[in-house]
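Work through the exercises below with the sequence and the model side by side. Try each task before reading the solution that follows it.

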Amino acid sequence: MRMYDLIEKKKYGEELTKEELEYIINGYVDGSIPDYQMSAWLMAVYFKGMTSRELTDMTITMAHSGDMVDLSAIEGIKIDKHSTGGVGDKTTLIITPMVAACGVKVAKMSGRGLGHTGGTVDKLESIEGYQTALDRQRFYEIVNTVGMSVIGQSGNLAPADKKLYALRDVTGTVDSIPLIASSIMSKKLAAGSDSILLDVTTGSGAFIEEFDKSIELAKTMVSIGEGAGRETVALLTNMDEPLGYAIGNTMEVQEAIETMKGNGPADLVEVCVALAGDMLYLAKKGTLEECREMATKTLTDGSAFERFKKMVAAQGGRCDVLEDTSLFGEAPYQMELLAKKSGYVQHMNAKECGIASMLLGAGRETKEDVIDMKAGILLKKKTTDAVKEGEVLAILYSSDENRLQTAADKLEAAYEIGDSKVAPLQMIQGRITKKDI
Ligand code: URA
């Protein structure tokens, strides 16, 4: 087999065999296929696409390029959840205990934030003492006793994706649906769960902003998951404004805790109930409606919060802050963003809100940046809200006073205020299962 011929084959839009795809992926990982040939092939995929059979074969090969996590030490059906990212997205913190409280074990490996989107591991590390790096044995032990554990990604998961992503990043081939789908799903397949729930965000704060493309991404990922023998469902959730009111690590944990205590904002609660409901459904706990009811109950009867506290205690975190979230403290410097005119908030650019939060110190521009855990934004007004000139739109927080003004300018530009009230955002925009592909 020659890589040259396989580049030509894809250039003319032909379908590659499983053996050919294995040759490409394994050859790239072991260094026998150079970057320039792989780049040409990726560009051919960018323009010609891949069939679902090709994509499934390639993704399975990518998953097997490193460790395949074995979760058999954990009893019961294991469900994983993945979000394509957003701003103010603290759903993992909330739905993991919701699902665990209903008797389904969740072994969750999460990532860190980069750019305008946050990461669950960073958020959890804002709880003093919380260990996100555990050895596998201890991780399984906590899942089996508490019912859940959230740790950082460890081990050598899908190294083919790591190498390919770095190449895509510098060759203009990131924004290709088949390449995004195989990248995400290779890591999910390697992570070892029986079934996968995908939260595909859509709108101004999402990785893919356009609705039609988000649907296509969701269908492609469901097709790969099902093709690889894992039951897979995707929910399309609205990320056209930040989720909830808090953006930034400590503040998002505080909002997540309040939500688990039954005091969450409506948009966040709606998304969490839908996601947790679908995870329970994948775990065969009942009909979708029954599962959503069970999920809702965990927020009103305190059982999700109880699970969360147990996990934090098991992983060495400080627990008094969970009972009284004011003990987290707040950043020393604050600035109120005031409305310059009266009207209604008609739109918020969620990505710009995320960038404003990053400018305050809450996120990383490069992997090496150190996060200011208490930096972030507390929104006071969101889409559809009426606002009067001089009213507070949001409060910005940082440990560095010099960061406030630039971030406030960015955040102000993210708000669109007009004369008429707009319709509320629909939070759940679609649900894709194997029937839809
Ligand atoms: N996230 C991933 O993991 N991979 C992509 O290609 C894009 C987003």
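**Exercise 1.** In this predicted model, decide whether Lys-340 is buried, partly exposed or exposed, and then find which side chain meets that of Lys-340 in a salt bridge.

*Solution.* Begin with accessibility: the relative value for Lys-340 is 63%, and because the cut-off for exposed is over 50%, Lys-340 counts as exposed. Next, look for the partner, which is Glu-412, with a separation of 2.9 Å from N to O. Finally, place the two residues along the chain: Glu-412 belongs to helix α17 (residues 404-414), while Lys-340 sits in the loop between β7 (333-338) and β8 (343-348), so that the pair links distant parts of the chain, 72 residues apart. Glu-412 itself, at 25% relative accessibility, counts as partly exposed.

**Exercise 2.** Find which residue pairs with Lys-410 in a salt bridge, and explain what the pair ties together.

*Solution.* The side chain of Lys-410 meets that of Glu-352, again with 2.9 Å from N to O. Glu-352 lies in helix α16 (residues 350-359) and Lys-410 in helix α17, and therefore the salt bridge ties together parts that are 58 residues apart in sequence. As for accessibility, Glu-352 is partly exposed at 21%, and Lys-410 counts as partly exposed at 27%.

**Exercise 3.** State how many salt bridges a search of the whole structure finds, and describe the one that Glu-15 forms with Arg-53.

*Solution.* The search finds 30 salt bridges. In the one between Glu-15 and Arg-53, the closest N and O atoms are 3.6 Å apart. Glu-15 is in the loop between α1 (3-11) and α2 (18-30), and Arg-53 is in helix α4 (residues 52-63), so that this pair, too, links distant parts of the chain, with their positions 38 residues apart. Glu-15 has a relative accessible area of 40% and is partly exposed, and Arg-53, at 32%, also counts as partly exposed. Salt bridges can join into a network as well, as they do for Arg-112, Asp-122, Glu-125 and Arg-364.

**Exercise 4.** Check whether the span of helix α12 (residues 266-282) agrees or disagrees with the expected one, and say how many of its residues are buried.

*Solution.* With 1.5 Å a residue, the 17 residues of α12 should span 24 Å, and the end C-alpha atoms are indeed 24 Å apart, which agrees. The helix is mostly covered, since 13 of its 17 residues are buried, which here means under 20% relative accessible area. After α12 comes Lys-284, with a positive phi near 65°.

**Exercise 5.** Locate the largest cavity with respect to the domains, and describe its lining.

*Solution.* The domain assignment gives domain 1 (3-49), domain 2 (79-170 + 187-323) and domain 3 (333-418). Domain 2 and domain 3 both give residues to the lining of the largest cavity, and therefore the cavity lies between them. Its volume is about 160 Å³. Of the 21 lining residues, those closest to the centre are His-116, Thr-117, Gly-118, Ser-357 and Ala-362. The largest share, three residues, comes from α16, and the lining as a whole divides into five nonpolar, 13 polar and three charged residues.

Methods: Residues numbered from 1 in each chain as written. Predicted model: local features only at pLDDT ≥ 70, side-chain atom pairs only at ≥ 80, totals over all residues. Heavy atoms only, no water. Helix = DSSP H or I, 4+ residues; strand = E, 2+ residues; numbered from the N terminus. Expected span 1.5 Å × (residues − 1). Buried < 20%, exposed > 50% of the residue type's maximum accessible area, 1.4 Å probe, protein only. Salt bridge = Lys/Arg side-chain N within 4 Å of Asp/Glu carboxyl O. Domains from an automatic or database assignment. 1 Å grid on protein atoms, 1.4 Å probe; cavity = no way out; pocket = protein on both sides within 12 Å on 5 of 7 lines; lining within 4 Å. Points joined across faces, edges and corners; volume = space filled by probe spheres on them. Nonpolar A, V, L, I, M, F, W, Y, C, P; charged D, E, K, R; others polar.
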